[in-house]
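Got your viewer open? Let's take a short walk, one selection at a time.

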Amino acid sequence: MSAAPLAHWMLEQEARALLTRLARLKPFVLNQPMVPAASFLPTAQLAIERFLAKGRSELKRRIRQFIAWVNGPGRQVPAADAQQRFVFLRLRFNAVLSQLDLFDHVLAQRGQNELGVWLSGLDAVSSDALALPGYYQAPPVICYLDRGVGAAIRRARTRLPGGGENPVSIIRIPRERMISSGISSSLIHEVGHQGAELLGLVASLRPAIRERRSKSHDPLVWNLWERWISEVISDFWSIARLGVVSTLGLIGVVGLPRPFVFRLNVDDPHPMPWIRVKLSCAIGDALNPHPQWQRVARVWESYYPLDRLSASQRELIVRLEQSLPAFAALLAGHRPPSLKGRSLAEALEARDRRPERLGALFEAWRREPAQMYRAPPSLVFAVIGQAKADGHLGPEDESELLARLLTHWAIGSTLNVVPVWTALPGRQLQPIPAI
């Protein structure tokens with residue numbers, strides 16, 4: 001066999017091998033060992049399987065076209081050109097594998113005893129916190145654990161490596177937070193990124209901040225708030241949904257060695273940790289005024305006093321502090337076009353997280369625990385977090401209670417019997433007794 005026919009024959013064999021290996025990629029529903037309660041919500045499972053199946057189908061079509069080409073018109077082109085065409089096909093094959101591995105990594109944890117079910121429960125919490133009926137169709141959310149102290153999100157509808165839009169929101173949770181009410185702070189902050197994107201909040205808030213800056217005697221601080229707005233608005237979402245446990249959870253994340261707490265990096269979308277906690281307290285006080293916010297702020301100040309800072313550092317922090325009430329009020333009262341005339345505070349129903357109401361619910365649930373199992377998951381986290389902040393619940397009991405609740409929500413979302421908006425739209429929910 002001469003070199004030219006041999007080269008084309010080898011490429012045809014390689015392409016057929018790709019096709020064979022591609023056929024061995026099975027849908028997750030065929031190869032993932034887990035109890036049903038640990039599985040993704042049905043909408044998430046369906047969205048992922050459809051996305052991956054579409055990628056496999058498209059790649060199969062391309063490979064078959066290449067095989068037909070290399071056995072036909074392609075024989076007339078130089079081997080080097082045929083090789084280049086095959087190389088791009090193989091790169092596409094690896095992109096499909098990368099996308100498969102992305103979801104496989106998340107799904108693999110669902111096979112672990114207890115952990116998989118708790119993660120399914122966190123899916124339900126996320127869906128509840130993201131739901132804003134009447135304003136958008138929320139995408140499915142899936143959660144997984146990883147090392148580190150902070151959470152992260154790969155938002156739905158963003159481009160994945162290799163092309164295509166991510167069909168679900170994927171939230172990474174710090175393993176160190178399993179299980180305490182503080183996990184809800186990280187979780188709902190990331191949910192806030194998805195919600196802000198769906199509502200176009202960052203784009204609508206920037207002009208409002210610039211307008212405030214134009215009227216301010218201290219435009220620098222408003223420049224910084226505009227720079228940090230993408231993270232600030234996610235904190236706002238978390239505080240509105242969770243109340244004080246959001247701020248306490250934030251302290252757990254950014255409570256780091258002093259140099260990190262006071263580090264100002266204008267290229268970082270995250271505010272300086274010290275002022276970020278103070279802003280969290282200011283937002284909480286703007287949404288639901290209560291002495292607890294001042295108490296938490298003073299505790300934070302006692303952890304990280306300003307007296308060891310340089311005069312220039314203190315001066316900037318003081319200037320930022322002076323702008324906190326006005327900035328928190330701007331956020332709470334902001335009325336983006338996507339909310340059809342309602343403010344952020346109204347749309348997120350932040351008044352439902354008043355400390356007095358959360359405390360009263362905790363007392364009521366003590367008398368009748370079944371009520372707690374029927375409540376929306378984000379509200380339950382808010383109530384438990386408030387109870388812990390008030391000294392009515394210790395960390396040991398809190399962890400045990402949350403483990404039971406996550407299991408309950410996992411079962412409920414699997415059976416479509418708890419109010420998880422993305423579980424099975426349109427189906428009538430049926431109440432189940434608390435486990």
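A patch here is made of residues with over 30% relative accessible area and no salt bridge, and nonpolar side chains are joined into one within 5 Å. Keep in mind that this is a predicted model.

Start by selecting L6, W9 and M10: they make a nonpolar surface patch of about 290 Å². Now click on M10, which sits in helix α1, residues 3–23. Is M10 buried or exposed? It's partly exposed, because its relative accessible area is 46%, and the partly exposed class lies between 20% and 50%.

Next, hop over to the sheet. It's an open one with 3 strands, in the order β1-β3-β2, and the pairing is mixed. Select β1 (141–146) and β2 (152–154): these are the edge strands, each with a single partner, so one side of each has no neighbour in the sheet. On average, neighbouring strands are turned by 25° against each other, direction ignored.

What holds strands together? Strands of a sheet pair through backbone hydrogen bonds, either parallel or antiparallel. You can find both kinds here. Colour β3 (residues 169–174) and β2: they run antiparallel and are joined by 3 bridges. Then add β1, which pairs with β3 in the parallel sense over 6 bridges.

Zoom in on I171 in β3. I153 stands opposite I171, and C143 stands opposite I171 too. For another pair, pick R154, which stands opposite I170 in β3.

Last stop: show helix α6, residues 182–199. Helix α6 lies across β1, β2 and β3, running at about 155° to β3. As for β3, this strand is mostly covered, with 5 of its 6 residues buried.

Conventions
Residues are numbered from 1 along each chain as its sequence is written. This is a predicted model: local features need pLDDT of at least 70, side-chain atom pairs count only at pLDDT 80 or more; totals for chains, interfaces and linings use all residues. Side-chain values use heavy atoms; hydrogens and water are left out. Patches are made of residues with over 30% relative accessible area and no salt bridge: like charges are joined within 9 Å, nonpolar side chains (Val, Leu, Ile, Met, Phe, Trp, Tyr) within 5 Å. Accessible areas come from the Shrake-Rupley method with a 1.4 Å probe; for residues, only the protein chains shown count as cover. A salt bridge is a side-chain nitrogen of Lys or Arg within 4 Å of a carboxyl oxygen of Asp or Glu. Helices (H or I, at least four residues) and strands (E, at least two) are DSSP runs, numbered from the N terminus. Buried means under 20% relative accessible area, exposed over 50%, partly exposed in between (1.4 Å probe, protein chains only). Two strands pair if DSSP finds at least two bridges between them. Axes are lines fitted to C-alpha atoms, for helices over the stretch in contact, and angles run from 0 to 180 degrees between N-to-C directions. Contact means heavy atoms within 4.5 Å.
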